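Colleague: I would like to learn how to read this model feature by feature. Where should we begin?

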Amino acid sequence: MKHIFMWIFMLFASITFSQIKITGTVTDKNSGEKLPVVSVTNQQGNGTTTDENGSYTINVNSSTDILTFSYLGYKTKKTTVGNRIVINISLEEDETNLNEIVVTALGLNRKTKELGYVVQELKAKELTEVKTANFLDNLSGKLAGVTISQGATGVGSSSKITIRGEASFSNNNPLFIVDGTPINNNTVFNFTDESANGFQEIDFGNGAMEVNPDDIESVTVLKGPSAAALYGTRASNGVIVIKTKDGSKKKGLGISINSSVTLDSPFRLPKFQNKYGQGNGGNFAYANGDGAGVNDEITYSWGPKLDIGNLIPQFDSPVTLADGTVVRGGDTSLYSGNTITPTLFKSNPNNLKDFYQTGVTTINNISINNNFEKGSYRLSFTDLDSESIIPGVNLERKTVALKANFNPTERTRITSTINYVNSSSDNRPSNGYGSENVNYSLVAWGQDL
């Protein structure tokens, strides 16, 4: 056993001592300056960084090992060790992102490497791959430090957007700028009863949701106070700068047609018990739904047991009128003062699932653009028709957009932007805590309904 342990020890020692020590310096290819904090890793995932003089030291297992050198703003470089023990590397600047042009304050175009603050930009393709009725939902998960909360009432509801967290109890909306024009993004509510203190508020959406994704060329997010300084106090929560398409990308006349269809369904439904039905204290009998029966004004499931053969008067039980006519369900006024025949008290486990429907959203767009010697223009029409997962809730929106550029001289540029939006809905659901919110009412349903 002593000999075995000795051989094992010598084997590991030989592996350890067989490692090759590599040293070197990393410099800038153009200026020759030494680069500190450059990441140097081998194939096994072991790594180090260069010091303030650009020097590094790393161990590799064999001459076939590959070293990877990576540094922010520079192209990553890989090299095989070979027979070398000193490897000096020069890295080349990566100008792919450094030369990117973004729209900043007041419509100015700047290179990102010239800015002293953080900006992020999304191009049109990233916004229109999967279209939504509210273009803010397309920004979700694509911008660092930007949080998007989709509207709780579905089609046509407001989506909440915050940049770098909540900063106020009242208003955290960033300022929206579309081709230099500010847009009010505050949510519009309508109170059907002022005495309800907001319990019957209806969400009519916010300003940013009316921006048509098919007309957007780019979205630039200005996050910090220094980035939004030129817009003043309105930009205290950041700025979303939107630039629309103008038809100058391609020469000559062009026509573009695109359509999209999106299907929606509830992602997850609450789980309910199916042991007890409507009522309270184990008792229930329907009369008129307003307290004339036994706990019939209560929708909560604290009533008798379900599926055990109980015969109980219910809202859809047969009603015998004075003339002997038998009706069933529908007009609840017939229940009062007439005879209700008890029916089987049984569970309806799919009542919530059966209520919701498959939502369908169709978006059709046609645009005409022309780029000529002295300017360009783009005219587009977009038709959106969206049916919610809640029956009867819908949104229809028609958008006409025209953007024209005219360059009479080399130093003169005239730009005109016209947008017409016609948004309508047959019904918008109520929002917040209260029986007017259909989702709230459904959760409180008895499992026998």
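Colleague: Which residue in strand 17 is the bridge partner of Lys123?

Modeller: The partner of Lys123 is Ser218 in strand 17. Bear in mind throughout that the model is predicted. A single bridge is best read together with the strands that carry it. Here strand 10 (residues 119-123) and strand 17 run antiparallel and are joined by 5 bridges.

Colleague: With which other strand does strand 17 pair, and over how many bridges?

Modeller: Strand 17 also pairs with strand 18 (residues 239-244), in the antiparallel sense and over 6 bridges. One of the pairs there is Ile216, whose bridge partner in strand 18 is Thr244.

Colleague: How many residues of strand 17 are buried?

Modeller: In a regular strand, side chains alternate between the two faces of the sheet. A residue count therefore says something about both faces of a strand. For strand 17 (residues 216-222) the count is 7 of 7 residues buried, that is, the strand is mostly covered. Across the protein chain, 37% of the 449 residues count as buried.

Colleague: How is the order of strands in a sheet read?

Modeller: Follow the pairings from one edge to the other. One open sheet has 5 strands in the order 19-25-26-27-28, with antiparallel pairing. Strand 19 (252-264) and strand 28 (412-424) are its edge strands, each paired on one side only. On average, neighbouring strands in this sheet are turned by 10° against each other, direction ignored.

Colleague: Which residue of strand 28 stands opposite Phe406?

Modeller: Ile414 stands opposite Phe406. As for the strands themselves, strand 27 (residues 394-409) pairs with strand 28 in the antiparallel sense over 12 bridges.

Colleague: Now the open sheet of 4 strands: in what order do they come?

Modeller: The order is 3-2-5-6, and the pairing is antiparallel. Strand 3 (47-49) and strand 6 (77-80) have a single partner strand each, so one side of each is left without a neighbour in the sheet. The average turn between neighbouring strands of this sheet is 20°, direction ignored. Strand 6 pairs with strand 5 (residues 66-70) over 4 bridges in the antiparallel sense, and Lys77 in strand 6 is the bridge partner of Phe69.

Colleague: And backbone angles? What is worth looking for there?

Modeller: Most residues other than glycine have a negative phi. A positive value outside glycine is therefore worth a second look. Asp179, in the loop between strand 13 (175-178) and strand 14 (181-183), has a phi near 50°. A second case is Asp307, with a positive phi of about 60°, in the loop between strand 19 and strand 20 (311-312).

Colleague: How exposed are Asp179 and Asp307?

Modeller: Asp179 has a relative accessible area of 25% and is partly exposed because partly exposed covers values between 20% and 50%. Asp307 is partly exposed too, at 44%.

Colleague: Which residues does Leu269 contact, leaving aside its neighbours within four places in sequence?

Modeller: Contacts of this kind show what the fold brings together. Leu269 is in contact with Leu352, Lys353 and Tyr356. Leu269 belongs to the loop between strand 19 and strand 20 and counts as partly exposed at 30% relative accessibility. Its C-alpha is 9.6 Å from that of Val443, and the two residues are 174 apart in sequence.

Colleague: Is Gly156 buried or exposed?

Modeller: Gly156 is buried, with a relative accessible area of 5%. This glycine is found in the loop between strand 11 (146-149) and strand 12 (160-163). Beyond its neighbours within four places in sequence, its contacts include Asp203, Phe204, Leu395 and Arg428. Gly156 and Asn427 are 271 residues apart in sequence, with their C-alpha atoms 10.0 Å apart.

Colleague: Last, what is the volume of the largest pocket, and which residues are closest to its centre?

Modeller: The volume is about 620 Å³. Of the 28 lining residues, Asp137, Gln150, Gly154, Val155 and Asp264 are the closest to the centre. To read the character of a pocket, sort its lining by class. Here the lining comprises 9 nonpolar, 16 polar and 3 charged residues.

Methods:
Residues numbered from 1 in each chain as written. Predicted model: local features only at pLDDT ≥ 70, side-chain atom pairs only at ≥ 80, totals over all residues. Heavy atoms only, no water. Pairing = 2+ DSSP bridges. Helix = DSSP H or I, 4+ residues; strand = E, 2+ residues; numbered from the N terminus. Axes fitted to C-alpha atoms, helices over the stretch in contact; angles between N-to-C directions. 1 Å grid on protein atoms, 1.4 Å probe; cavity = no way out; pocket = protein on both sides within 12 Å on 5 of 7 lines; lining within 4 Å. Points joined across faces, edges and corners; volume = space filled by probe spheres on them. Nonpolar A, V, L, I, M, F, W, Y, C, P; charged D, E, K, R; others polar. Buried < 20%, exposed > 50% of the residue type's maximum accessible area, 1.4 Å probe, protein only. Contact = heavy atoms within 4.5 Å.
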